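Trainee: Could we go through this model together, starting with the ligand and its surroundings?
Mentor: Gladly, let's have a look.

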Amino acid sequence: MDKIAVVPGSFDPITNGHLDIIKRAADIFDVVYVAVMNNSSKRPLFDVNERMALIAKVTENMPNVKVDSSSGLLINYAKSKNANAVVRGLRAVSDFEYEMQITAMNRFLDEHIETFFIMTQNKYSFLSSSIVKEVSQYGGNIHGLVPDIVEEALKEKFKEKSNQK
Ligand code: ADP
């Protein structure tokens, strides 16, 4: 039986921290679905299609990684893909409480789907999509924290936004 995992998230946009987790999951599982979850209360900078396109581009050399989106419950999405695992990244203790709550709820919803955590590399432990957006918006250098095409996409997005003002 194939070992199928889902790596869910907002990915607004994907960072090198996310990419590292995806790569490591792809080394362990037969198939990895990176699912852009579209039900968060946050107002995203990139729409779902833009986020998926960026992820597809930066994972194109990983043949067992598939990019998808979902707007429902993660557990239902995982079941629809016959996934037996959810993979999440852990940065700091601050992530722990939130992740524990979600994991417990997901286990309540379906005890057959296991959640796995991969600890981030130290160099990415401070990295989040929000901090990257914040710094990029004010012209700060985010080189090395996100893939090059994401760096470009952020510059374009903030240029578009400032032209709209
Ligand atoms: P969410 O809104 O669901 O937290 P994110 O896109 O922020 O979605 O994150 C998706 C997943 O990637 C989460 O498991 C998160 O902990 C993990 N993640 C985010 N940033 C990093 C990072 N720098 N290193 C490792 N994992 C990360």
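**Around the ligand and beyond**

Mentor: Let's begin with the classes of residue. In this predicted model, the shell around the ligand has five nonpolar, six polar and four charged residues.

Trainee: Thanks! How many residues surround the ligand, and which are the closest?
Mentor: A residue joins the shell if one of its heavy atoms lies within 4 Å of the ligand. By that cut-off, 15 residues surround the ligand. The closest are Ser 10, Phe 11, Lys 42, Gly 89 and Thr 120.

Trainee: Which polar backbone atom is 2.6 Å from an oxygen atom of the ligand?
Mentor: Polar contacts here are pairs of N or O atoms within 3.5 Å. An oxygen atom of the ligand lies 2.9 Å from a polar backbone atom of Phe 11. For the distance of 2.6 Å, the partner of a ligand oxygen is a polar backbone atom of Gly 89.

Trainee: And which side chain has an N or O atom 3.3 Å from a nitrogen atom of the ligand?
Mentor: The cut-off for such a contact is 3.5 Å, and this pair falls within it at 3.3 Å. The N or O atom belongs to the side chain of Arg 91.

Trainee: How much of the ligand's exposed area does the protein bury?
Mentor: Start from the ligand taken alone, which exposes 550 Å². The space it takes is the largest pocket. Of the area exposed by the ligand alone, the protein buries 90%.

Trainee: Which element gives the largest share of the shell around the ligand?
Mentor: Strand 1 (4-9), helix 1 (16-28) and strand 4 (85-90) are the elements that give two or more residues to the shell. The largest share is three residues, and it comes from helix 1.

Trainee: Where does Phe 11 lie, and what is its phi?
Mentor: Phe 11 has its place in the loop between strand 1 and helix 1. Pro 13 lies in the loop between strand 1 and helix 1 too, and the peptide bond from Asp 12 to Pro 13 is cis, with omega near 0 degrees. As for Phe 11, its phi is positive although the residue is not glycine: near 50 degrees.

Trainee: Why is the pair of Phe 29 and Phe 116 called edge-to-face?
Mentor: A search of the whole structure finds one aromatic pair. Phe 29, in the loop between helix 1 and strand 2 (31-37), and Phe 116, in strand 5 (residues 114-119), are 87 residues apart. Their ring centres are 5.8 Å apart. The planes stand at 75 degrees, and over 60 degrees counts as edge-to-face, so the pair is edge-to-face.

Technical notes. Residues numbered from 1 in each chain as written. Predicted model: local features only at pLDDT ≥ 70, side-chain atom pairs only at ≥ 80, totals over all residues. Heavy atoms only, no water. Polar contact = N/O pair within 3.5 Å; in protein donor to acceptor, adjacent residues only side chain to side chain. Areas by Shrake-Rupley, 256 points an atom, 1.4 Å probe, with all protein chains shown as cover. 1 Å grid on protein atoms, 1.4 Å probe; cavity = no way out; pocket = protein on both sides within 12 Å on 5 of 7 lines; lining within 4 Å. Sits in = over half its atoms within 2 Å of the grid points. Helix = DSSP H or I, 4+ residues; strand = E, 2+ residues; numbered from the N terminus. Nonpolar A, V, L, I, M, F, W, Y, C, P; charged D, E, K, R; others polar. Phe/Tyr/Trp six-rings, centres within 6.5 Å; stacked < 30°, edge-to-face > 60°.
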